[in-house]
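Biologist: I'd like to go through this structure with you, a few questions at a time. Shall we put it on the screen?

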Amino acid sequence: VYLVESGGGLVQAGGSLRLSCLASGTIFRINDMGWYRQAPGKQRELVAVITSGGSTNYADSEKGRFTISRDNAKNTVYLQMNSLKPEDTAVYYCNADITAQGSGFGDYWGQGTQVTVSS
């Protein structure tokens, strides 16, 4: 099982980006999926999480600007980021709780995608 993020890049302040994360492999079930980020010199922090049923939770600083969604049929989670600020600059990581066929439950991370917001 592995997660692959895409959609990062360089954007001006006030702009938008949409991140995608595809879970692949011998997947039996995916529970929570989420996005985290890590800025230089800082700890990794939660951005948003979504359950398999579609319930969402956001960090306070992202409420109203970011939207997390998922397509269960495609094993994909998205993060729509609007009104981006320079302080949103970070490496964004996808995370998922996955039960894999034959190997049980595990917590999986993607390799990260860089988001840079210029002022």
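Modeller: Sure, and keep in mind that this is a predicted model. Let's start with a charge and a ring: the charged end of Arg18 sits over the ring of Tyr78, 4.0 Å from its centre.

Biologist: And Arg44, which ring does that one lie over?

Modeller: Arg44 also gets a ring face. The distance to the ring centre is 3.7 Å, and the ring belongs to Tyr93.

Biologist: How many aromatic pairs does a search of the whole structure find?

Modeller: That search covers the whole structure, rings against rings. The count of aromatic pairs comes to one.

Biologist: Now the cysteines. Which residues does the disulfide join?

Modeller: There's one disulfide in the structure. Its sulfurs are 2.1 Å apart, inside the 2.5 Å cut-off. The partners are Cys21 and Cys94.

Biologist: How many residues apart in sequence are the parts that this pair ties together?

Modeller: Cys21 belongs to strand β3, residues 17-24, while Cys94 belongs to strand β9, residues 90-100. So the bond links parts whose separation in sequence is 73 residues.

Biologist: Is that disulfide left-handed or right-handed?

Modeller: Both cysteines are buried, by the way. Look at the torsion about the S-S bond of Cys21 and Cys94: it is about -85°, so the disulfide is left-handed.

Biologist: Which strand supplies the largest share of the largest nonpolar core?

Modeller: That core has 28 residues, and Trp35, Ile68, Val77, Leu79, Met81 and Tyr92 touch the most other members. Strands β3, β4 (27-38), β5 (45-50), β7, β8 (76-81), β9 and β11 (113-118) each give at least two residues to this core. The largest share is five residues, and the strand supplying it is β9.

Biologist: What does Ile68 touch, leaving out residues up to four places away in sequence?

Modeller: Ile68 is among the core members that touch the most others. Its contacts beyond those sequence neighbours include Met33, Gly34 and Trp35, along with Ala48, Val49 and Ile50. The rest of the list is Thr56, Tyr58, Val77, Tyr78 and Leu79.

Biologist: Is Thr67 buried, partly exposed or exposed?

Modeller: Thr67 is in strand β7, residues 66-71, and it touches Tyr58, Tyr78, Leu79 and Gln80, sequence neighbours up to four places away not counted. Its relative accessible area is 42%, so Thr67 counts as partly exposed.

Biologist: Last one: how far apart in space are Thr67 and Thr56?

Modeller: In sequence they are 11 residues apart. From C-alpha to C-alpha, the distance between Thr67 and Thr56 is 8.9 Å.

Key: Residues are numbered from 1 along each chain as its sequence is written. This is a predicted model: local features need pLDDT of at least 70, side-chain atom pairs count only at pLDDT 80 or more; totals for chains, interfaces and linings use all residues. Side-chain values use heavy atoms; hydrogens and water are left out. Helices (H or I, at least four residues) and strands (E, at least two) are DSSP runs, numbered from the N terminus. Buried means under 20% relative accessible area, exposed over 50%, partly exposed in between (1.4 Å probe, protein chains only). Rings of Phe, Tyr and Trp (its six-membered ring) pair if their centres lie within 6.5 Å; planes under 30 degrees apart count as stacked, over 60 as edge-to-face and the rest as tilted. A charge sits over a ring if NZ of Lys or CZ of Arg is within 6 Å of the ring centre and within 35 degrees of the ring normal. Contact means heavy atoms within 4.5 Å. A nonpolar core is a set of buried Ala, Val, Leu, Ile, Met, Phe, Trp, Tyr and Cys residues joined through side-chain atoms within 4.5 Å.
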